[in-house]
Amino acid sequence: MAFRRRTKNFPLFSQEFVIHDHVDIGFCLVLCVLIGLMFEVTAKTAFLLILPQCDVSVPTADSTMVYYHYSLKDLVTILFYIFITIILHAVVQEYILDKISKRLHLSKLKHSKFNESGQLVVFHLSSVKVFYLCQLTYWLHALPELYFQKVWKEQIPCQLQYICLYLVHIARAYLLNLSHLGLILLPLQYSTEFLFYMAPLFYFAYENNEKLFNAWAAVFGITRLFILTLAVLAIGFGLARTENQVFEPEKGKVNTLLCRLCILLLVCAAQAWFMCLFIHSQLRHWREYWNQQNAKQRVPAVPRFSARLTKKESGYHENGMVKAENRISPPRTKKLKSPQGQCDVSVPTADSTMVYYHYSLKDLVTILFYIFITIILHAVVQEYILKERRT
C-alpha cells in the first residue's frame, strides 16, 4: 500500500528512502501487530502495544470501576500509536489536502501553510474525546514529521516551541492526575485553535476572506480568561481544600502548596505568553492594514513628459512654448497670482516691517475665489478617498 507514487528508486534504508517510504514502513509494522492479535501465542504481546497496562479495578455498589495509572509501559503504547498517527496523517494529506491544494494553485509558502492548517484542523476537530495517550502520541509524532515533511529551517524553531508547549501541558495533566481539569481546558484551547487553522483555509479558498480571523481574534481573549479562571479555581482553591495534601509520587499524589504554585505559575506564564504573541501579531496586522489603506488613498502623480519637438504648420513646440518658423518666440504671458487681501497696512519695526490686514468689500472677491478652491478640494476627497473606502 503506497500513499505516494514512486518516481525514483532510492537505496534501501537511505535518508531519501526513509523520508519517502516512512508511511509504508509504519503501515507494515502496524499490520504485523494486528496480525499478532489473531494468534494466541502473540496476542499478549500485541495487547501490550494496543491497550494501557496499569489498570486498577475498584468495586462499587453497582459495578466495577477501572482506573488507569501511568507507567513506563505506556511508552510502548505511545510508540505504536505514533505509527497509527503517521498513517492517518498521510491519508489526510494524500486524499484530502493535496486534492484541494491542486485546485487552488497555491505558492510554496501558502501550500505549506495550507497543509499545516489542514492537518491541525482535523486533529482539533477529533480531539474532544481522545484519550491522553493519543494526545501525547500526536504531538510526539509531530517531531519526526518535521524531518519527513522537509519543513523549512526558518519554521522549525516556531514549530518546536508550539509542539513542546503542548507536550509539557498534556504530560503535566497526565502525570499529576489532573485529567478532569485537562478534559475541560483542552477542548477550550482546541476550539480556539480550530478557528485559527480554519481561517487560512477559507482565506486561500475564498479570495482573501478574513471573517474567520476576526472571529478567532474575538474568541481568543475570552478563551484565555476562561482558562485562567478555571485553573485558579480548580488548583488554587479546589485542591487547597482537600484533606490529602501529601507528596507521594508513586501513588500519584502531589497535592502540596509548592506543586500547586508551580502548576499555576506554568499555566499563567503560558497564557501570558500567548497574549503577548497575540497582541504583537494584531498590532503588526493593523499596521500593515493601515499602510495599505494609506497607499491606496494617495492620489497618483501626473507623469512628466520629456521635452519633445513636435512639428506644426505654423511653428513647432519646444519646452511647452510655441515657436514660430523664424525662431522668434512670442512674449511670455505673466502668471496670474492668486488674489490676496487688499487692505494691507505696513508698519515699520526695529527689525523689519510688519504687515497688517483689515477687512473691506474687496475681501468678497477673495472669499469667492476660495469658495471655488474648497469645492474642488471637496470633490477630490469624495472621489479619491471616500469612494475607494466604500468600494
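**A tour from Y370 to the core**

Select Y370 to begin: with a relative accessible area of 43%, Y370 is partly exposed, since that value falls between the cut-offs of 20% and 50%. The model on screen is predicted. Y370 sits in helix α10, which covers residues 363-390.

Next, add F369, I373, I376, L377, V380 and Y384 to the selection. Together with Y370, these residues make a nonpolar patch on the surface, and their combined accessible area is about 610 Å². In soluble globular proteins, nonpolar side chains tend to be buried together.

**The whole chain**

Zoom out and colour by secondary structure. There are 10 helices and 9 strands in the chain. Of its 391 residues, 27% are buried. Show the surface: about 28,300 Å² is accessible, and carbon and sulfur atoms hold 66% of that area. Among contacts with a separation of 6 or more, 57% join residues 24 or more positions apart.

**The largest core**

Which residues touch the most other members of the largest nonpolar core? Select W139, I170 and Y190; they do so in a core of 40 residues. Then display the helices that each supply at least two of its residues: α3 (74-104), α4 (108-125), α5 (132-148), α6 (156-175), α7 (179-205), α8 (211-238) and α9 (257-297). The helix that gives the most is α7, with 8 residues.

Centre the view on W139. With neighbours up to four places away in sequence left out, W139 contacts L120, F123, H124, Y162, I163, Y166, L167, I170 and Y190. Another core, of 6 residues, lies apart from the largest one; V33, A46, I50 and I87 are among its members.

**Helix α6**

Now isolate α6. Its 20 residues should span 28 Å at 1.5 Å a residue, and the C-alpha atoms at its ends are 28 Å apart, so the two values agree. The span is counted as 1.5 Å times one less than the number of residues.

Which residues of α6 are buried? Select Q159, Y162, I163, Y166, L167, H169, I170, R172, A173 and Y174. An α-helix has 3.6 residues a turn, so residues three or four places apart point the same way. Turn on the surrounding helices as well: the buried residues of α6 pack against α3, α4, α5, α7 and α9.

**Q119 in α4**

Move to Q119, which is part of helix α4. Is Q119 buried or exposed? Its relative accessibility is 8%, so Q119 counts as buried; the cut-off is 20%. Show its contacts: beyond residues up to four places away in sequence, Q119 touches H89, V92, Q93, L97 and Y138. For a distance to check in the viewer, pick the C-alpha atoms of Q119 and I96: they are 9.9 Å apart in space, while the two residues are 23 apart in sequence.

**Two loop residues on either side of α6**

Finish with the backbone. Select K150, found in the loop between α5 and α6. K150 is not a glycine, yet its phi is positive, at about 55 degrees. Its relative accessible area is 58%, so K150 is exposed.

Then follow the chain past α6 to N177, which comes just after that helix and belongs to the loop between α6 and α7. N177 also is a residue other than glycine with a positive phi, near 60 degrees. At a relative accessible area of 39%, N177 is partly exposed.

Methods. Residues numbered from 1 in each chain as written. Predicted model: local features only at pLDDT ≥ 70, side-chain atom pairs only at ≥ 80, totals over all residues. Heavy atoms only, no water. Patch = residues over 30% accessible without salt bridge, like charges linked within 9 Å, V, L, I, M, F, W, Y side chains within 5 Å. Areas by Shrake-Rupley, 256 points an atom, 1.4 Å probe, with all protein chains shown as cover. Salt bridge = Lys/Arg side-chain N within 4 Å of Asp/Glu carboxyl O. Helix = DSSP H or I, 4+ residues; strand = E, 2+ residues; numbered from the N terminus. Buried < 20%, exposed > 50% of the residue type's maximum accessible area, 1.4 Å probe, protein only. Core = buried A, V, L, I, M, F, W, Y, C linked by side-chain atoms within 4.5 Å. Contact = heavy atoms within 4.5 Å.
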